[in-house]
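Q: I'm new to this structure and would like to zoom in on one part of it. Could you walk me through that part and then show me what else goes on around it?

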Amino acid sequence: MDIFERIANNSGGPIGQYFEQAAGYYVYPRLEGELGPHMMFNGQPVLNWSLNNYLGLANHPEVRKEDARAAAEWGLAYPMGARMMSGHTRYHEKLERIFADFEKKEDAFLFNFGYQGIMSAIDALVNRHDVIVYDAEAHACLLDGIRLHIGSKYKFRHNDIEDCDKVLARACEEAESHGGGVLLITEGVFGMTGALGKLDKIVALKQKYNFRIFVDDAHGFGLLGEHGRGTSEQLGCMDGIDLYIGAFAKSMASIGGFIAGPRAIINYLRYNMRSQMYAKSLPMPLVLGNIKRMEIIDSPEGDELRAKCWKITHAIQKGFVDAGFDIGEAEACVTPVHIKGGPAQASKMAKDLRENYHIFCSIVVYPVIPKGMVIFRIVSTAAHTMADVEETLNAFKEIKRKLDAGCYDGDDIAAMKID
């Protein structure tokens, strides 16, 4: 069969099958206006809870000023080429030193994009004799990196330390028999559920087994811990994390990422990560803009912004729980509001929220989360206000009343008339 014919005859997959009804509204929606809690959607103002702009740096005046200055001075092309060949500057080195010092590691290496960087780092670190152990609910970028591994890989039940212990025992025995090692891969914050990875308990297992820990802390970096150093600082186990990854797309409101760890390992990655060796260097405006962002994050103002974000988070999470909603194991600034029913019911609820209550939040279904789950994902930021929290909670209380009354019943996603 022709490849294109097969694809054209496909339903589109779990999400793509709803393209005609969902495109431009539930998937690939167009949010317009200044980034922040109040934006425009379909020509109407909405209260927006769908930006990972935790500290509100996207529109911070100093950040905007530096982004504009750097773009005007350097343009978006400089430096040209991959860093190894012609795209290396002292500013790239400076930013790496900032991250290494901030995370209390010997060295750090920049990623052009967090997703590709993580995949490539995993690919470079392990060979066919090594064994990977990973959390069952690891992010897609981690899973894609793990798929590249031609050796053994075992998953443990999500945040289940007892199961992790058993899997590690098996993995270490196998690795030793083949002359390999074990790399445990997990997250600091699970971005769909807001649950913290049990990093301190995993680090404690090093007393029993010989393995290394690789942590993707995209949602924890800059936000968790006393100084924003991430989930490992929050849980008091920074020294036990062998390789720490921070992403720029969340707290820093930018593009890119970094990996920090022992100098010898980071230097090895510099010469073996294909996604960085064969791709253009991070443009200068992003490098300089990220340096400015780190100045703010690692300052008293950063402490204030984190405190604001946590105030909003604690208020809205308490409000949801008090109103009888299930928010699962959320501990970070992502709050999943679990909804009974299938995608059709959830879609109608989302439309009601957007059209009648002017509340915009993401609706998440399989394959982003496991089958049988539907959540509305609320992302708190320092830019939100307590008035925003109150408005949102009142809207969700009415939505819940309608759901319990059967107002959203029916399986026809196209039929979304809301009274």
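Which element gives the largest share of the lining of the second largest pocket?

A: That would be helix H8, which puts 3 residues into the lining. Bear in mind that this is a predicted model.

Let's look at the pocket itself. The second largest pocket holds about 380 Å³ of space. Its lining is made of 19 residues, and Gly181, Val182, Leu183, Phe211 and Arg212 are the ones nearest its centre. Helix H8 spans residues 161-178, and two other elements also give two or more residues to the lining: strand S7 (182-187) and helix H11 (263-270). As for the chemistry of the pocket's walls, 12 of the lining residues are nonpolar, 3 are polar and 4 are charged.

Two of those central names come back when we turn to the packing. Val182 and Phe211, which sit nearest the pocket's centre, are also among the residues that touch the most other members of the largest nonpolar core. That core has 60 residues, and Phe99, Leu168 and Phe258 share this well-connected role. There is also a second core, separate from that one, with 34 residues, including Tyr25, Ile312, Phe325 and Phe396.

Phe258 is a handy guide to what comes next. Setting aside neighbours within four places in sequence, its contacts include Phe99, Tyr244 and Phe248, plus a run of residues from another strand: Ala108, Phe109, Leu110 and Phe111. Those four belong to strand S4 (residues 107-111). Phe258 itself is in strand S10, where it stands opposite Leu110. S4 and S10 (residues 257-261) run antiparallel and are paired through 5 bridges.

How covered is S4? Its 5 residues are all buried. Asp107, Phe109 and Phe111 are on one side, with Ala108 and Leu110 on the other, so you'll find both faces covered if you apply the cut-off for buried, which is under 20% relative accessible area.

S4 also borders some enclosed space. The model has 3 cavities of 30 Å³ or more, and the largest of them holds about 60 Å³. S4 gives the most to the lining of this largest cavity, with 3 residues. Phe109, Leu110 and Phe111 are in that lining, and so are Arg83, Asn112, Gln276, Ala279, Lys280, Ser281 and Leu282. By class, the lining splits into 5 nonpolar, 3 polar and 2 charged residues.

The second largest cavity has about 50 Å³ of space. Its lining brings together Gly36, Pro37, Asn48, Leu51, Asn53, Thr381, Ala383 and His384. Polar residues number 5 here, alongside 3 nonpolar ones and no charged ones.

Asn48 from that lining leads us to one more part, as strand S3 covers residues 44-48. S3 is antiparallel to strand S2 (residues 38-41), and 4 bridges join the two. Within the pair, Met39 stands opposite Val46. Both strands are in an open sheet of 4 strands with mixed pairing, ordered S1-S2-S3-S12. Its edges are strand S1 (31-32) and strand S12 (359-360), each pairing on one side only.

One last stop: the loop between S3 and helix H4 (61-74) contains His60. His60 has 9% relative accessibility, so it counts as buried. Leaving out residues up to four places away in sequence, His60 touches Ile296 and Glu301.

Definitions and conventions:
Residues are numbered from 1 along each chain as its sequence is written. This is a predicted model: local features need pLDDT of at least 70, side-chain atom pairs count only at pLDDT 80 or more; totals for chains, interfaces and linings use all residues. Side-chain values use heavy atoms; hydrogens and water are left out. A nonpolar core is a set of buried Ala, Val, Leu, Ile, Met, Phe, Trp, Tyr and Cys residues joined through side-chain atoms within 4.5 Å. Buried means under 20% relative accessible area, exposed over 50%, partly exposed in between (1.4 Å probe, protein chains only). Contact means heavy atoms within 4.5 Å. On a 1 Å grid over the protein atoms alone, a cavity is a set of points where a 1.4 Å probe fits but cannot get out, and a pocket is an open set with protein on both sides within 12 Å along at least five of seven lines; lining residues have an atom within 4 Å of a point. Grid points are joined across faces, edges and corners, and a volume is the space filled by probe spheres set on the points. Ala, Val, Leu, Ile, Met, Phe, Trp, Tyr, Cys and Pro count as nonpolar, Asp, Glu, Lys and Arg as charged, and the others, Gly among them, as polar. Two strands pair if DSSP finds at least two bridges between them.
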